[in-house]
Amino acid sequence: MTNTLHRYGSPESFQDDFIVFMRSSKGRNEIESVPKLKAFLQTALRHRPVTISQYRRGSTVRPSENLNPIVHWRRPVQDLTPEQIIEAITEDHTVAAIFDTAEAMEAFLCEVKAADWGLSVNVAGLTGETHACAKRAGICRHSVEYSLGFQGALDRLPERPVLELSTMCGHSMVSPNLARKMLDLVREGRRTPEQAAAYLGRFCSCGIFNPTRAIRLLEAPGGGRR
Amino acid sequence: MRIDPRKCVACGNCLAVCPVSAISIDPAIRRATVDRDECVECYACENRMSKEHLNPTLVRAVRGFLKLLRIRFDPEPDVCPTSAFAPEELQWPRSLRRAFSDPCIPHESTGVYGRGTEEVKTNDVTNRVGSGEVGFTVEFGRPAVGTRFREVQAMTMALARIGAVFEKNNPVTALMADPASGAINPEVLEEKVLSAIVEVRTPQAMLPLVLRTVKEVSATLDTVVSVGVAVRCDGEGENSVEAVLAAEGVRAFRGKTNLGLGRLTNLETARA
């Protein structure tokens with residue numbers, strides 16, 4: 001998931017954003033990986049992640065093929081339970097758990113190490129914080145990929161609050177225009193930050209959009225709620 | 001992607017949803033239309049909007065009545081009420097747009113979903129970036145700007161000139177007519193995609209040169225370039241790249257950490 005690499009924001013804005021994901025590599029360790037992927041997410045649930053997901057399917061918020069129009073007045077901010085996500089895993093695709101504290105992520109890493117599933121586990125987040133947590137969990141990191149940010153035609157990028165929201169789907173499925181619309185709806189009091197975060201999250205097909213960070217950004221001064 | 005004018009009710013929801021702003025309301029027909037040259041076939045509209053399958057005539061009548069009363073309906077912003085998207089069968093080279101833009105389909109060249117590459121995520125079992133090497137992911141078009149392959153080619157040719165080695169298992173490399181020069185198949189140069197990732201590997205000593213080259217070429221492009229630098233850590237989990245990046249004036253505080261917990265298990269599973 002390069003998808004998780006280039007999120008936009010200051011170091012302070014990533015204190016509640018740690019994505020732990022596990023995946024196999026074709027021809028090396030993908031055989032019998034499905035039970036391991038399920039076990040990874042079941043273990044994650046014990047540490048209260050803000051959401052969990054499977055790649056290509058999404059997180060607990062997903063679009064509906066047959067939405068009842070009546071739902072406009074009582075639409076839930078969660079479409080699936082975490083247990084339903086785990087139950088539906090039948091294919092070998094990356095799974096992810098998103099945490100909003102380094103402490104929860106570290107406790108999870110301790111269990112991941114002990115479980116020894118043999119699949120590749122990565123953490124996308126602040127590299128210094130992740131390194132420290134991994135060390136305390138008895139894990140020596142193997143490789144790091146650093147994000148060096150954006151360059152080139154920067155004048156084509158949207159404004160900062162929009163960029164902070166929309167880059168939470170690195171595949172660009174969360175459009176800047178939609179993020180801007182959500183900021184406006186929250187500012188005008190027409191939607192709650194929780195509802196706006198759910199709308200945005202439904203567009204992230206990998207389900208690694210962090211609703212906790214999104215709600216914070218939507219509520220922030222200069223963000224949605226002024 | 002096309003929008004069926006018989007079904008579209010011009011509610012405008014899909015305008016905000018399109019990552020590259022390729023959808024607009026055509027005032028002549030009062031329906032949403034897709035600019036085919038700008039559309040990158042990412043399917044964000046078709047795959048990620050919820051659908052209600054309402055009768056278009058009924059929706060238009062209700063909207064028309066509300067308009068008369070100067071009342072504006074406030075719909076759910078992620079819904080296409082009449083399921084008006086009509087995906088088309090894509091022919092080469094347009095089919096490349098979807099391969100490079102829709103993360104839910106695999107790249108034919110690598111069999112990998114998303115942007116088609118495993119990068120450092122499985123480096124603990126692939127050793128793609130070895131000790132003493134640096135892996136670069138140079139991504140074009142993201143976030144939400146898009147790119148054409150002629151812009152990607154400007155970079156690949158510059159990187160080839162300084163001796164960078166392109167990752168073989170990468171969808172952009174698979175499009176190269178001549179990997180030694182970085183030249184991309186001329187047939188696809190004008191195709192627009194949401195993002196494309198070029199991957200190269202060099203010795204660590206070349207890190208400053210590659211960074212400067214990428215910066216120079218990026219300044220000439222009409223798209224956004226995001227750069228990732230991957231490195232293998234030593235036995236203590238440390239690496240010397242952070243110091244080099246700092247010396248180059250680059251602030252790198254966020255990234256992806258491979259924890260080294262993967263191993264080759266296919267054989268042991270098969271034996272068991």
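# Exercises on a two-chain model

Leaving aside neighbours within four places in sequence, A:Phe203 touches A:Cys169, A:Met173, A:Val174, A:Leu178, B:Ala44 and B:Arg48. The model is predicted, and the exercises below start from this residue.

## Exercise 1: A:Phe203

Find where A:Phe203 sits in chain A, and decide whether A:Phe203 is buried or exposed.

*Solution.*
- Step 1: look between helices α7 (193-201) and α8 (211-219) of chain A; A:Phe203 is in the loop that joins them.
- Step 2: take one of its contacts, A:Met173. The two residues are 30 apart in sequence, while their C-alpha atoms are 5.7 Å apart in space.
- Step 3: count the surroundings. A residue is buried if 20 or more other C-beta atoms lie within 10 Å of its own. A:Phe203 has 27 other C-beta atoms within 10 Å, so A:Phe203 is buried.

## Exercise 2: The largest nonpolar core

Work out how many residues the largest nonpolar core has and where it lies with respect to the domains of chain B.

*Solution.*
- Step 1: the core has 130 residues. Those with the most contacts inside it are A:Val20, A:Val174, A:Met182 and A:Leu200.
- Step 2: domain 1 (2-86) and domain 2 (107-271) of chain B both give residues to this core, so it lies between them.
- Step 3: put this beside a general rule. In soluble globular proteins, nonpolar side chains tend to be buried together.

## Exercise 3: Two domains of chain B

Describe how domain 1 and domain 2 of chain B are placed and how they touch.

*Solution.*
- Step 1: the C-alpha centres of the two domains lie 37 Å apart.
- Step 2: five residues from domain 1 and five residues from domain 2 make up their contact.
- Step 3: sort the domain 1 side by class, which gives four nonpolar, no polar and one charged residues.

## Exercise 4: Where the chains meet

State how many residues of each chain take part in the contact between chains A and B, then follow the strands across it.

*Solution.*
- Step 1: 84 residues of chain B are in contact with 79 residues of chain A. On the chain B side, strand β14 (residues 224-232) gives the largest share, nine residues. By class, that side has 39 nonpolar, 25 polar and 20 charged residues.
- Step 2: trace the open sheet of ten strands, whose order is β2(A)-β3(A)-β1(A)-β4(A)-β15(B)-β5(A)-β14(B)-β7(B)-β13(B)-β9(B), with antiparallel pairing. Its edge strands are β2 (51-54) of chain A and β9 (165-166) of chain B.
- Step 3: pause at β15 (residues 254-258) of chain B. Strand β4 (residues 120-126) of chain A pairs with β15(B) over five bridges, and strand β5 (residues 143-152) of chain A pairs with β15(B) over four bridges.
- Step 4: look at B:Asn258 in β15(B). A:Asn122 stands opposite B:Asn258, and A:Ser143 also stands opposite B:Asn258.

## Exercise 5: Backbone exceptions

Most residues other than glycine have a negative phi, and most peptide bonds are trans. Find which peptide bond before B:Pro93 is cis, and compare the settings of A:Glu32 and B:Ala10.

*Solution.*
- Step 1: the bond from B:Trp92 to B:Pro93 is cis, with omega near 5°. B:Pro93 lies in the loop between β6 (85-86) and α4 (95-101) of chain B.
- Step 2: A:Glu32 has a positive phi of about 60°, and B:Ala10 has a positive phi near 55°.
- Step 3: A:Glu32 has 16 other C-beta atoms within 10 Å and is partly exposed, whereas B:Ala10 has 21 and is buried.

Conventions: Residues numbered from 1 in each chain as written. Chains lettered and ligands numbered in written order. Predicted model: local features only at pLDDT ≥ 70, side-chain atom pairs only at ≥ 80, totals over all residues. Contact = placed C-beta atoms within 7 Å. Helix = DSSP H or I, 4+ residues; strand = E, 2+ residues; numbered from the N terminus. Nonpolar A, V, L, I, M, F, W, Y, C, P; charged D, E, K, R; others polar. Pairing = 2+ DSSP bridges. Core = buried A, V, L, I, M, F, W, Y, C linked by C-beta atoms within 7 Å. Buried ≥ 20, exposed ≤ 12 C-beta atoms within 10 Å, placed from the backbone. Domains from an automatic or database assignment.
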